[in-house]
Amino acid sequence: MADPSDYEPVLSAKVSSILLGLPKTKQQRLFDLLFQLAGQPSQLGDYAEQDASGRYIQFILIGDYVIGFWPDHAVKEFRIVDIDIV
């Protein structure tokens, strides 16, 4: 099995926009959190939803955020596709 630390977090345009709209301290905390998630690419979320292409997106609630992600094992990327602030 691949070393999980080798997975690169990849942010969607939507997630990047949300991240850039946060104050610097929250940006850093969320960025650190996303790297922690990428270090566990095979984890399951609290629930999953199927996207338009048929892929299952995992959603996990952490603190004030619901984060949508899926691991792309073929290229060792951790795709972060959605963030909602709750």
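**Exercise 1. Find which residue in E5 is the bridge partner of Trp70, and place this pair in its strand pairing.**

Solution. In this predicted model, local features need pLDDT of at least 70, side-chain atom pairs count only at pLDDT 80 or more, and totals for chains, interfaces and linings use all residues. Residues are numbered from 1 along each chain as its sequence is written, and side-chain values use heavy atoms, with hydrogens and water left out.

Step 1: the partner of Trp70 in E5 is Arg79.

Step 2: strand E4 (residues 65-72) runs antiparallel to E5, and 8 bridges join them; two strands count as paired if DSSP finds at least two bridges between them, and strands are DSSP runs of E with at least two residues, numbered from the N terminus.

Step 3: the hairpin of E4 and E5 has 4 residues between the strands, and Lys76 there takes a positive phi near 55°.

**Exercise 2. Determine how strand E1 runs relative to strand E5.**

Solution. Step 1: E1 (residues 8-11) and E5 (residues 77-85) run parallel and are joined by 4 bridges.

Step 2: within this pairing, Pro9 stands opposite Phe78 of E5.

**Exercise 3. Describe the order of elements and the compactness of the protein.**

Solution. Step 1: along the sequence the pattern reads β-α-α-β-β-β-β, where helices are DSSP runs of H or I with at least four residues.

Step 2: the radius of gyration, taken over C-alpha atoms, is 12 Å, close to the 12 Å that the globule rule (2.2 Å times the number of residues to the power 0.38) gives for 86 residues, so the protein is as compact as a globular protein of that length.
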